[in-house]
Amino acid sequence: MLSLNNIEVIYNDVILVLKGMSMAVPQGKIVALLGSNGAGKSTTLKAISGLLKPEDGEVTDGSIVFEDTEIQDLDAADIVRRGIFQVMEGRRVFEHLSTEENLIAGGYTRKDRQAAKRDMQQVYEYFPRLADRRHQTAGYLSGGEQQMLAIGRALMARPQLIMLDEPSLGLAPLLVREIFGIIQRINEEQGTTILLVEQNARLALDVADYAYIMENGRIVLDGTPQTLKDNADVREFYLGLNEVGARKSYRDVKHYKRRKRWLS
Amino acid sequence: MEKFLQLTLTGLTNGAILSLVALGFVLIYKASDVLNFAQGDFMVVGAFITYGLIVQVGLPWPAGILLAVIFAVLMGVTIERLILRPMIGEPIISVIMVTIGLSSLLRAFVSAIWGTTGRAFPAFLPSDPVNVLGATIGADRLIAIGLVAVLFALFTLFFRYNREGVAMRATADDQQAALSMGISVKRVFAIAWSIAAVTAVLAGIIVANIVGVSLAISFIGLTVFPVVILGGLDSIPGAVVGGVIIGLLQAYMAGYTPSYLALSTVIPFIVLLLILMVKPYGLFGEERIERV
């Protein structure tokens, strides 16, 4: 459905962030993109959704293909109309608008109002808490509710692919479970393909069908969650487990850095 | 008492007009963070174009006003296209300087065609005196107040229920997030400038109908600064309240203080200074929402 072929992204004409990044997101699946801070995960999403340009970023090489069309040069509004919706990191709800108005804004590209209305009902079914708060100012919702609103806003556009940038950011573990449960439901019931960017590797590997691990602007490992969970490096670097389960000394950390460098 | 009532009515009329001009100003600021120094000149252009269409071309006045409004929309879109779009990514202060240039340009355009002397405007609104609670006021002024009230009601509905209106508020809140849901920010800017131009042109016509057309109309654009600072730069209700307060203050000052002090001209700026010292976001300026 979506494939990135060797893309290269440069910010401000000098800073090379993605260095030959390739990945594929098949229809109807949940694909996770993992990696530490600054690996280039968010940049990857922005490259897909066309949000790089306002930040002075540019896809300088390679191609992004969505349903047989190259989309790397389209602008953001066009890409949303084609069915890709990015839920940005940090929720980014419209604080001074009400919950319902946020949803209306999410459905901005919709033509048929009746269907959009039905979708709003559906969003309220997925997130009953939003229905209770529909006329409240979004800025005063709790963090979890704001994340729900951000996902609900995406559903309003009826996208084929939703890209979620760190939906667990700053939320309590219980809420995170709840939100991930709903993400899975959306994927199963609506058949919406999901590309999930996460720092919380354990959680992401639990829900994903396939996962990529990014470091330094390129993919270093990929596979099904099971193979990745069994991979010794992943266990050590991303899941915080090691063979013995004992605390590590600084010497091992240095060794870790060396290995990481070797990996990338 | 009668004098007070008389002054109140005059103040309300002026306040209504100020609010209308302030509305356009607020819209542009909300959408794009730009202070538009050319707002008063939009009024002048609107007044003169309508004058030209009605008096010089000889159109009936409804057609003249309609064409002037259409011209305003085109002017808004053109300004966005030719002047603001190339300025995207430039510091906001440069864009503000550009609006000052735009202001001079529009004035030059008007003086080149119609010269610098004022002219009488064909009064299309009846100006018969009407008796309100013992005070008399021209009917045209009452109509002006009503007209502004109706326009404000329409804009309130637009921003609450229309998809495009909601998109404009969303863009004002978080431009990048708006972009991520397919809202075209360029389009939002164009709409904001068009609405600002339309409100200014309508205000220009209303003023011209009361005092005649001249370049001096643009001074009202200057008085709009105190209005929006008082009401809050990004608040539409603030534009109404600020406009009415400044309008009333001006009228009372004109009526109760000796005219050689020129307090009615000065008072808006005294208010401006006070507000900036005490409540820089204005009465209704948007507070930053902070959750703790």
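Me: At what angle do helix α4 and helix α6 of chain A pack?
Reply: About 150°, with the axes of α4 (residues 113–126) and α6 (residues 143–156) 9 Å apart. Axes are lines fitted to C-alpha atoms, for helices over the stretch in contact, and angles run from 0 to 180 degrees between N-to-C directions. That makes α4(A) roughly antiparallel to α6(A). The classes are: under 35 degrees roughly parallel, over 145 roughly antiparallel, 65 to 115 roughly perpendicular, the rest oblique. Helices (H or I, at least four residues) and strands (E, at least two) are DSSP runs, numbered from the N terminus.

Me: Ground rules before I go on?
Reply: This is a predicted model, where local features need pLDDT of at least 70, side-chain atom pairs count only at pLDDT 80 or more, and totals for chains, interfaces and linings use all residues. Residues are numbered from 1 along each chain as its sequence is written, chains are lettered from A and ligands numbered from 1 in the order written, and side-chain values use heavy atoms, leaving out hydrogens and water.

Me: Back to the pair. Which residues of α4(A) and α6(A) meet?
Reply: α4(A) brings Ala116(A), Asp119(A), Met120(A), Val123(A) and Tyr126(A). α6(A) brings Gly152(A), Leu155(A) and Met156(A). Contact means heavy atoms within 4.5 Å. The residues of this contact divide into six nonpolar, one polar and one charged. Ala, Val, Leu, Ile, Met, Phe, Trp, Tyr, Cys and Pro count as nonpolar, Asp, Glu, Lys and Arg as charged, and the others, Gly among them, as polar.

Me: What else does α6(A) lie across?
Reply: β6 and β7 of chain A, at about 170° to β6(A).

Me: How do β6(A) and β7(A) pair, parallel or antiparallel?
Reply: Parallel, over four bridges. Strands pair if DSSP finds at least two bridges between them. Val87(A) stands opposite Leu164(A) in β7(A).

Me: What's the strand order in that sheet?
Reply: β6-β7-β8-β3-β9-β10, an open sheet of six strands with mixed pairing. β6 (84–87) and β10 (218–223) are the edge strands, each pairing on one side only. The twist averages 20° from one strand to the next.

Me: And the sheet of four strands in chain A, what order there?
Reply: β2-β1-β4-β5, open, with antiparallel pairing. β2 (15–25) and β5 (69–70) stand at the edges with a single partner strand each, so one side of each has no neighbour in the sheet. Inside, β1 (residues 2–11) and β4 (residues 57–66) run antiparallel, joined by eight bridges. Asn5(A) has Ser63(A) as its bridge partner in β4(A).

Me: Which helix packs on it?
Reply: α1 (residues 41–49) of chain A, touching β1, β2 and β4. The direction of α1(A) makes about 110° with that of β1(A). α1(A) also lies across β3, β6, β7, β8 and β9 of chain A, at about 150° to β7(A).

Me: Switching to chain B. How far apart are the axes of α2(B) and α8(B)?
Reply: 7 Å, with α2 (residues 39–56) and α8 (residues 185–211) packed at about 60°. That makes α2(B) oblique to α8(B).

Me: Any hairpin in chain B? Which strands form it?
Reply: β1(B) and β2(B), with two residues between them. Leu133(B) in the turn has a positive phi of about 50°. Four bridges join the strands, which run antiparallel. Asn131(B) stands opposite Thr136(B) in β2(B).
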